[in-house]
Amino acid sequence: MTKQKRILIVRPDRIGDVVLSTPLPREIKKSFPDSFVAVLIRKYTQDIYLNNPNVDKIILIDNDSNDSFFKKIREIRDCKFTHSLTLLPTERLNYMLFFAGIPYRVGVGHKLYQFLTFTRYVDRKKYVPLRHEADYCMDLARKIGVQSENLDTEIFLTEEEKQKVAQTRIELLNGKKYLIGIHSTSGNSSPNWLPGEYSKLIQKLKDRLDVSIVVTDNNVPEVLAGLENVSNPNIGKSLRESFINFASLDLLFSASTGPMHIAAALKVKTLSMFCPLTACSPKLWGP
């Protein structure tokens, strides 16, 4: 009998990076239907993987938590993983997975600490050729035998959440035909417009009688906070609650940032701004 593959996907990064890891559990399950798949992520991104039918367990890791290094090692060891895929390695994570006894570990690049712990690697070769970040992530799954080019991201809503989306859409439309979200902040993850430029865009869009505008930021810039007939539905909402508002949109306009990837994973159309730097290219980070 073939031993069950027990695979840990490691991505304790920002929202957009975690969304771009969501194709991996699905494609791993397609290649190895009886496998056990877990994700190791930060607490503030766990909502991305809640209700995902391809993920058997979510393990949380936060540098500011009370969990000690060795306590987390014991938690990982108890799952008896056979493989780990670390999409953005750090030295601490590398040793954690090594001491957790995972026999087949794959990371990106070839640092000294990876060599010392016999960690296998894939090489991005400084993004030459330039491919999508989700494709580079899939390289680690390919290393263990997954054959796939399907990079579609996905966030799974419950039936109750889907009903809430329909109700929320009616409320936010306020009798208009189209619902457009404007996300004006990026957490400094990418070059962006100043809030005043977003304000000018909103004023132009409001001239269309068939369009209702919402600003989807959790922390709305002051210049956008008091705009007439523009709502701010994500203020004070958890990440999971904000999914409801994103899913209700016809279109999200933003810079290249986490909410852009959330909208795309929820199958909402996006219109996104990218700067000409190679590291910010839509070929690498586009939804």
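Select helix α11 to begin: the helix is mostly covered, with 8 of its 8 residues buried. The model on screen is a predicted one. Show the side chains of G258, P259, M260, H261, I262, A263, A264 and A265, which are the buried residues of α11. Now display what surrounds them. The cover over these buried residues includes α1, β7, α10, β9, β10 and α12 (282-285). Helix α11 (residues 258-265) lies across β7, β9 and β10 and runs at about 155° to β9. Past the end of the helix, pick K267, which follows α11 and has a positive phi, near 65°.

**The sheet under α11**

Keep β7, β9 and β10 on screen and add β8. In what order do the strands of this open sheet come? The order is β8-β7-β9-β10, 4 strands in all, with parallel pairing. Strands β8 (211-215) and β10 (269-273) are the edges, each pairing on one side only. From one strand to the next, the twist averages 20°.

Zoom in on β7 and β9. Strand β7 (residues 178-183) and strand β9 (residues 251-255) run parallel and are joined by 4 bridges. To see a pair of facing residues, select H183, which stands opposite S254 in β9. Helix α7 (residues 159-173) also packs on this sheet, where it touches β7 and β8. The direction of α7 makes about 90° with that of β7.

**Strand β1 and its neighbours**

Next, select residues 6-10, which are β1. Is this strand enclosed or open to the outside? Of the 5 residues of β1, 5 are buried, so the strand is largely enclosed by the rest of the structure. Colour its two faces separately: R6, L8 and V10 lie on one side, I7 and I9 on the other, and all are buried.

Two strands can now be added. Strand β2 (residues 36-41) runs parallel to β1 and is joined to it by 5 bridges. In this pairing, V10 stands opposite L40. Strand β4 (residues 83-86) also runs parallel to β1, with 4 bridges between them. Here the bridge partner of I9 is L85.

Stay on L85 and show its surroundings. Leaving aside neighbours within four places in sequence, L85 is in contact with I7, L8, I9, V10, L24, I28, V106, L140, A141 and I144.

**The nonpolar cores**

L85 also leads into the largest nonpolar core, which has 44 residues. Which residues have the most contacts inside this core? They are L24, I28, I48, L85, F243, I262 and L266. Helix α10 (residues 239-247) supplies the largest share of the core, 5 residues. Another core, of 16 residues, lies apart from this one; among its members are F36, I73, C79 and I102.

**D13, after β1**

Go back to β1 and follow the chain onward. D13 is in the loop between β1 (6-10) and α1 (15-19). Why does D13 count as buried? Its relative accessibility is 12%, and the cut-off for buried is under 20%. Turn on side chains here: that of D13 makes a polar contact with the side chain of R11, at 2.5 Å. Beyond its neighbours within four places in sequence, D13 is in contact with V18, R42, Y44, T45 and L88.

**Backbone stops**

The last stops concern the backbone. Most residues other than glycine have a negative phi, and most peptide bonds are trans. The residues below depart from one or the other pattern.

- Select N51, in the loop between β2 and β3 (57-60). N51 is not a glycine, yet its phi is positive, about 70°. At 41% relative accessibility, N51 counts as partly exposed.
- Select F118, found in the loop between α5 (112-116) and β6. F118 also has a positive phi, of about 55°, without being a glycine. With a relative accessibility of 64%, F118 counts as exposed.
- Select V128 and P129: the peptide bond from V128 to P129 is cis, with omega near 0°. P129 lies in the loop between β6 (120-122) and α6 (133-143).

Definitions and conventions. Residues numbered from 1 in each chain as written. Predicted model: local features only at pLDDT ≥ 70, side-chain atom pairs only at ≥ 80, totals over all residues. Heavy atoms only, no water. Buried < 20%, exposed > 50% of the residue type's maximum accessible area, 1.4 Å probe, protein only. Polar contact = N/O pair within 3.5 Å; in protein donor to acceptor, adjacent residues only side chain to side chain. Contact = heavy atoms within 4.5 Å. Pairing = 2+ DSSP bridges. Core = buried A, V, L, I, M, F, W, Y, C linked by side-chain atoms within 4.5 Å. Axes fitted to C-alpha atoms, helices over the stretch in contact; angles between N-to-C directions.
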